[in-house]
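Let's walk through this model together, going from a small pairing out to the wider sheets. Keep the structure open beside you as you read.

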Amino acid sequence: MSWEVVIGLEVHVQVNTKTKAFCGCSTAFGAEPNTQTCPVCLGMPGQLPVLNAEAVQKTILTGLAINATINLESRFDRKNYFYPDLPKGYQISQFAVPLVEKGYLDIPVGDGEKRIGITRIHMEEDAGKSMHEGLEGVSHIDLNRSGVPLMEIVSEPDMRSADEAIAYLKQLHQLIRFLDVSDGDMEKGQFRCDANVSVRRPGEPFGTRAELKNLNSFRFIKQAIEYEANRQIELIEDGGEVVQETRLFDSAKGESRSMRSKEEAHDYRYFPEPDLPPLRVSAEEVAAIRAGMPELPGQLRQRFEQEYGLSAYDADVLTQTRELATWYEQLVAAHPKDPKRCANWMANELLGRLNEAGRDIADSPVNAQALAGLLDRIEDGTISGKIAKDVLDAMMASGDSADAVIEAKGLKQVSDTGAIDALIREVMAANPQQVEQYRNGRDKLFGFFVGQVMKATRGQANPAVVNQRLKILLQD
Amino acid sequence: MDIDVKNVAMLARIRLTDAEATELGPQLERIVGYVEQLAAVNTEGVTATAHPHDMAMPLRADVVSNTNQRDALQTAAPKTESGLYVVPKVIE
């Protein structure tokens, strides 16, 4: 009998505000340790938190994008635990009534889609950073991150494989970046995931779950979930029982270990945060935030397919980030005659070259206007598509315009029938046997003549004109 | 009402002797029992009070208003090194 894996995910997303959740300290990454702190985020006695309006708006925007309910009144609670990177001895979070509830995200699964429920998004504050490596008997604490606003996005246990979990995370990651509510840089810890994993026989009630912590890349998340599901299946098949616990995934060893010590300490004793009155937002404010919602990846993909006639694949590639989509639309605006040609050249040629160079579209040496300039020269027959690829290489290297490269290298396509006719006559004179055979019915030789003429012009002859003239001259 | 005084003390990081725990148990129970009288009030149809003041939360504009005060703030710390707080080793 088969096993079914059941996965629910909790994602902590750092909201990209300029200041912390409850004080006016900067959130800029990479500052000298403890230079972005104040009495509020250090938990000094008598300090009062004041909530950041921008963090509220960005959380609401995210809620609207996942079709969730926005609670017009929500509350803050204290989650109590002791750890040196949490100076107050509690984290301000939303426990009883979160700002956002009951949404969903549709994720691609195989050829179709699957709806993953999102239980809630609540606002909370981040803790500081502790460092242990290379230290004897002590730990070092940097509290610059203490108080940075987070959204915790909690899914329903709706995923049934590690691949579905990854598809959900990628979709969510793309969404928060499109909305510009977070930079989502996983290496900087701006998008962190905890996974609740259990196994069961299909149709039976949920099994006991283990919570996996410390998952900070898509690859590790997949590994960790698969490892954990197998561990539980083996345990049960050997007559054992899964215990509810927190496990820490060790990416270097590819396995997880129990953090039972942490379990005992985790009795959070939530209670209402007395320093903060309820958060009230009006229906009008929510409507205004909804009105400012940018086009979402799914809508953009659909529009690219319909408006520009792109394939599903190209539309997907060009809507991976908002920057790519904007770049593509700038390209189409500059070369409106052929949006499909724009997509092909951007997705296959330009992005391929940028990828190889390890560069991002934002620092492409060829901008949308410049690429449009190249496509214009293909359009008007100045160069062939084949030559254009060489021109693009040169443009990438030098930053010159297409026209400058074509001019400097003398790559102009020869479309002049007089010149092409002369070349064809030369080729025919040099290959009398083949001309004879062609005239006697060996049609296949046509390709040979095209090749010879193109070779004689180093690929610069206009292929359409060559074809047309060859047909006529070979008949004579 | 039976309070696990030792567990409560552990969660609050307060060290208690057995004698203190024995003494505090009944005292804590009396306090909780006093507050529990509220449970007798019929609150049906009454909206839960989120906060004693009936006010909405004032919000703050997202503008950096604090500057680096590390040196002053760290005078309160028992130990620092290169700008970092030094604490007893936390075992992960």
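## A short pairing in chain B

Strand E2 of chain B is joined to strand E3 (residues 84-88) of chain B by two bridges, and the two run antiparallel. Within this pairing, B:Glu81 has B:Leu84 in E3(B) as its bridge partner. Two terms need their cut-offs here: strands are DSSP runs of E with at least two residues, helices are runs of H or I with at least four, and both are numbered from the N terminus. Two strands count as paired if DSSP finds at least two bridges between them.

A word on the basis of all this: the model is predicted, so local features need pLDDT of at least 70 and side-chain atom pairs count only at pLDDT 80 or more, while totals for chains, interfaces and linings use all residues. Residues are numbered from 1 along each chain as its sequence is written, chains are lettered from A and ligands numbered from 1 in the order in which they are written, and side-chain values use heavy atoms, with hydrogens and water left out.

## A sheet shared by two chains

E3(B) also pairs across to the other chain: four bridges join it to strand E10 (residues 138-142) of chain A, again antiparallel. Here A:Ile141 has B:Tyr85 as its bridge partner. The outcome is an open, antiparallel sheet of four strands in the order E9(A)-E10(A)-E3(B)-E2(B). Its edge strands, each paired on one side only, are E9 (129-131) of chain A and E2 (80-81) of chain B.

## Where the chains meet

How many residues of chain B are in contact with chain A? There are 36, and they touch 55 residues of chain A, where contact means heavy atoms within 4.5 Å. Between them the two chains bury about 3900 Å², 59% of it on carbon and sulfur atoms; buried area is the accessible area (1.4 Å probe) that two parts lose on being put together, summed over both. There are 19 residue pairs in polar contact between the chains, both residues at pLDDT 80 or more. A polar contact is a pair of N or O atoms within 3.5 Å; within protein, one must be able to donate a hydrogen and the other to accept it, and residues adjacent in sequence count only if both atoms are side-chain atoms.

On the side of chain B that touches chain A, the elements giving two or more residues are helix H1 (5-11), strand E1 (59-60), helix H3 (70-74) and E3 of chain B. E3(B) gives the most, with five residues.

## The nine-stranded sheet of chain A

Chain A also has an open sheet of nine strands with mixed pairing, in the order E3-E7-E8-E11-E1-E12-E13-E14-E15. Strand E3 (69-70) and strand E15 (255-258) of chain A are its edges, each pairing on one side only.

Starting from the E3(A) edge, E3(A) and E7(A) pair in the antiparallel sense over two bridges, with A:Ile70 partnered by A:Val100. A:Val100 in turn stands opposite A:Ile121 in E8(A). Strand E7 (residues 100-109) and strand E8 (residues 112-125) of chain A are antiparallel over nine bridges, and A:Gly103 stands opposite A:Ile118. In their hairpin, which has two residues between the strands, A:Gly110 takes a positive phi near 60 degrees.

## On to the middle of the sheet

Seven bridges join E8(A) to E11(A), running antiparallel, and here A:Met123 has A:Met151 as its bridge partner. On the neighbouring pairing, A:Met151 is also the bridge partner of A:Val13. That second pairing links strand E1 (residues 4-14) and strand E11 (residues 149-155) of chain A, antiparallel over five bridges.
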